[in-house]
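Have a look at the fold below before reading on. A short tour of its inside and its surface comes next.

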Amino acid sequence: MTENFVLFLDHQVIFQLPEINRGGSPIIYDRTKTSRFGILRKRDINESGILWIDVPNVFCFHLYNAWEEDDDTIVVIGSCMNPPDSIFSGSEDPTRTELTKIQLNMRMGESSRKVIVLGMNLETGQVTEPIVRK
């Protein structure tokens with residue numbers, strides 16, 4: 001939440017309970033979807049005013065902060081996985097967790113993102129040679 005908005009995160013993951021019966025995880029990464037944020041004014045009385053902004057190839061387990069930077073932009077800070085499907089694909093490549101700044105431009109309906117800190121596993125509190133980007 002920000003002062004005036006509520007944010008909803010819609011990831012590229014879906015829940016399929018029948019996967020448990022096959023011995024798999026019920027949480028599936030769906031490459032055909034695009035991650036997106038929904039933005040709704042707190043004063044709205046229903047969901048009809050929600051604005052959806054795509055944030056391609058982003059999977060954030062935890063969001064830490066959000067604020068309104070100006071009348072058009074909301075900034076979100078989150079712990080994002082890279083590659084975004086790494087914990088779902090069974091890949092041999094290690095999952096990197098990156099502190100990421102995501103900007104949502106409500107006027108343009110666009111997003112941008114920037115990795116702030118590399119080399120931090122924010123999910124477990126471990127730091128392995130962090131690299132801070134300015």
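Here is a brief report on the core, a surface patch and one loop residue.

## About the model

This is a predicted model, where local features need pLDDT of at least 70, side-chain atom pairs count only at pLDDT 80 or more, and totals for chains, interfaces and linings use all residues. Residues are numbered from 1 along each chain as its sequence is written, and side-chain values use heavy atoms, leaving out hydrogens and water.

## The nonpolar core

The largest nonpolar core (buried Ala, Val, Leu, Ile, Met, Phe, Trp, Tyr and Cys residues joined through side-chain atoms within 4.5 Å; buried means under 20% relative accessible area, 1.4 Å probe, protein chains only) has 15 residues. Among those with the most contacts inside it are Leu7, Phe37, Ile74 and Ile102. At least two core residues come from each of β1 (5–10), β4, β6 (60–68), β7 (73–82) and β8 (96–105), strands being DSSP runs of E with at least two residues. The largest share, 3 residues, belongs to β7.

Beyond its neighbours within four places in sequence, Ile102 has contacts (heavy atoms within 4.5 Å) that include Phe37, Val55, Ile74, Val76 and Arg113.

## Out at the surface

Which class does Ile20 fall into, buried, partly exposed or exposed? Ile20 sits in helix α1 (residues 18–21), a DSSP run of H or I with at least four residues. Ile20 counts as partly exposed because its relative accessibility is 45%, between the 20% and 50% limits.

Arg43 lies in the loop between β4 (36–41) and β5 (51–54). Its relative accessibility is 67%, so Arg43 counts as exposed, the cut-off being over 50%. Arg43 and Asn4 are 39 residues apart in sequence, with their C-alpha atoms 7.8 Å apart in space.
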